[in-house]
Number of protein chains: 2
Amino acid sequence: MTVKGKKRGRPSGAANQLSAQIIMDMSKSLMREQGKVPSIRKLARCLNVDAMAIYHYFSNKNALLEAITTSLIEEIYLPEEGNFNTRDNWKLELNKLCTSYLSLLSHYPGLLETFLSMSTISPAEVFAARFNIVIEPLHLDVESAKNGLDLLVDYLHGYALALSCNGKDCNSKDSQSTLNMEMLEGPLALYCVALENIMNTNG
Amino acid sequence: MTVKGKKRGRPSGAANQLSAQIIMDMSKSLMREQGKVPSIRKLARCLNVDAMAIYHYFSNKNALLEAITTSLIEEIYLPEEGNFNTRDNWKLELNKLCTSYLSLLSHYPGLLETFLSMSTISPAEVFAARFNIVIEPLHLDVESAKNGLDLLVDYLHGYALALSCNGKDCNSKDSQSTLNMEMLEGPLALYCVALENIMNTNG
């Protein structure tokens, strides 16, 4: 156990150095540690500033939540547009997108539930936009693409949930080490068969 | 608000009438109301018996949990074996199986997390056995069937999670009414395309 050095004397002037970025970084760090979005009060305490200073950057908790989740999901893999030389390249890109999304969800416990409970949909839009880049070479119609997105996203969320519940289990595995990307391969390959054949089925 | 009549005088002799079935029924009822598996103590209080009386039927909380979850999942749709006259019948059967599984999960908040955190796998085996009856006419190889099961189960869990998070949301919809089976149709039809084409892809 380490003992934190107690700060003495005048406040370190953190309030003067405060920025939206610093607030977001601290929020993410608390989310990783505690598995939920911190309260403004908790953030203020950790940043050694007054809560009002945070409201200067984010008008309310929802604005902060929106900024954090959007920033987090932008960390997932960004497929390169218009760079598909071989027929099967889109599958590799899809795999990278899914893997990085699952990594994000496993690093931030509670992030999935946060996404799903949010009234705005901007994180979902970020994922959808990247998914659409990946499947562009398949020339799916709008409905097939939407069904493909829904099937994939709910599959990934179910997978992430199983990982996080495993992690809470009484056996000794911790949730990080359980994130076995090989287990993703088979179902994802099957999913690709659906995308490859849906247009033939429709027409 | 209703006022519960307080029982007076001698205990009503509920202990004498106790059975595994009565314990399970009360457990399910508490799960529906409270979204989690009740403690033995809580169960005993609700049944007006001593906790030891419950241990007579279930040696520990895990044995009770196992019995409840297995009993619950046996309530889902049981496909009829060997009754597939038309080519597309398996899709209807699959739809019924998925719909009844999602209904179960939405009626028992917390059941999904309970399934996923359990160290035994008997509820998963019940679902797998019914899934195998449904896909029997497709004559999939073992690996394709396993991938199909994994993709479907995690998809359904992700869908159930989205429904339950919606229910907790601040908007006025309650989680029951949000369970829109029509939203299942598109992704499930896409999923069926995968199952129908996987064998062609392999060979």
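Asn147(A) touches Gly186(B), Pro187(B) and Leu190(B), leaving out residues up to four places away in sequence, where contact means heavy atoms within 4.5 Å. The residue lies in helix H9 (residues 142–168) of chain A; helices (H or I, at least four residues) and strands (E, at least two) are DSSP runs, numbered from the N terminus. Asn147(A) is buried, with a relative accessible area of 13%, buried being under 20% relative accessible area, exposed over 50%, and partly exposed in between (1.4 Å probe, protein chains only).

The model is predicted, so local features need pLDDT of at least 70 and side-chain atom pairs count only at pLDDT 80 or more, while totals for chains, interfaces and linings use all residues. Residues are numbered from 1 along each chain as its sequence is written, chains are lettered from A and ligands numbered from 1 in the order in which they are written, and side-chain values use heavy atoms, with hydrogens and water left out.

The contacts of Asn147(A) lead on to the interface as a whole. Here 28 residues of chain B are in contact with 28 residues of chain A. The two chains bury about 2700 Å² between them, 74% of it on carbon and sulfur atoms; buried area is the accessible area (1.4 Å probe) that two parts lose on being put together, summed over both. Across this interface the rule finds zero salt bridges, a salt bridge being a side-chain nitrogen of Lys or Arg within 4 Å of a carboxyl oxygen of Asp or Glu. The count of residue pairs in polar contact between chain B and chain A (both at pLDDT 80 or more) is likewise zero. A polar contact is a pair of N or O atoms within 3.5 Å; within protein, one must be able to donate a hydrogen and the other to accept it, and residues adjacent in sequence count only if both atoms are side-chain atoms.

On the side of chain B that touches chain A, the elements giving two or more residues are helix H7 (111–117), helix H9 (142–168) and helix H11 (182–202) of chain B. H9(B) gives the most, with 13 residues. The residues of this side divide into 15 nonpolar, nine polar and four charged. In this division Ala, Val, Leu, Ile, Met, Phe, Trp, Tyr, Cys and Pro count as nonpolar, Asp, Glu, Lys and Arg as charged, and the others, Gly among them, as polar.

Turning to chain A, its make-up is eleven helices and zero strands. Of its 203 residues, 46% count as buried. Among contacts in chain A with a separation of 6 or more, 73% are between residues 24 or more positions apart.

Salt bridges do appear elsewhere, with eight in the structure over all chains. One of them joins Lys28(A) to Glu75(A), the closest N and O atoms being 3.4 Å apart. Lys28(A) lies in helix H2 (residues 20–34) of chain A and Glu75(A) in the loop between helix H5 (61–73) and helix H6 (89–107), so the pair ties together parts that are 47 residues apart in sequence. Lys28(A) is buried, at a relative accessible area of 9%, whereas Glu75(A) is partly exposed at 48%.

Two further pairs each sit within a single helix. The side chains of Lys146(A) and Asp150(A) meet in a salt bridge (2.6 Å, N to O); both residues lie in helix H9 of chain A, four residues apart, about one turn of the helix. Asp150(A) is partly exposed, with a relative accessible area of 22%. In chain B, Lys96(B) forms a salt bridge with Glu93(B), with the closest N and O atoms 3.9 Å apart. This pair lies in helix H6 (residues 89–107) of chain B, three residues apart. Lys96(B) is partly exposed at 42% relative accessible area, while Glu93(B) counts as buried at 10%.

Helix H3 (residues 40–47) of chain B offers a neat view of sidedness. Ile40(B), Leu43(B), Ala44(B) and Leu47(B) are buried in this helix. Seen down the axis of H3(B), these buried residues fall within an arc of 100°, so they line one face of the helix; the arc is that of the directions from the helix axis to the C-beta atoms. On the other side of H3(B), Arg41(B) and Arg45(B) are exposed. Leu43(B) has a relative accessible area of 0%. Leaving aside neighbours within four places in sequence, Leu43(B) is in contact with Ile23(B), Met26(B), Ser27(B), Leu30(B), Pro38(B), Ile54(B) and Leu64(B). Of these, Ile54(B) is eleven residues from Leu43(B) in sequence and 8.3 Å away in space, C-alpha to C-alpha. H3(B) is followed by Asn48(B), whose phi is positive, near 60°.
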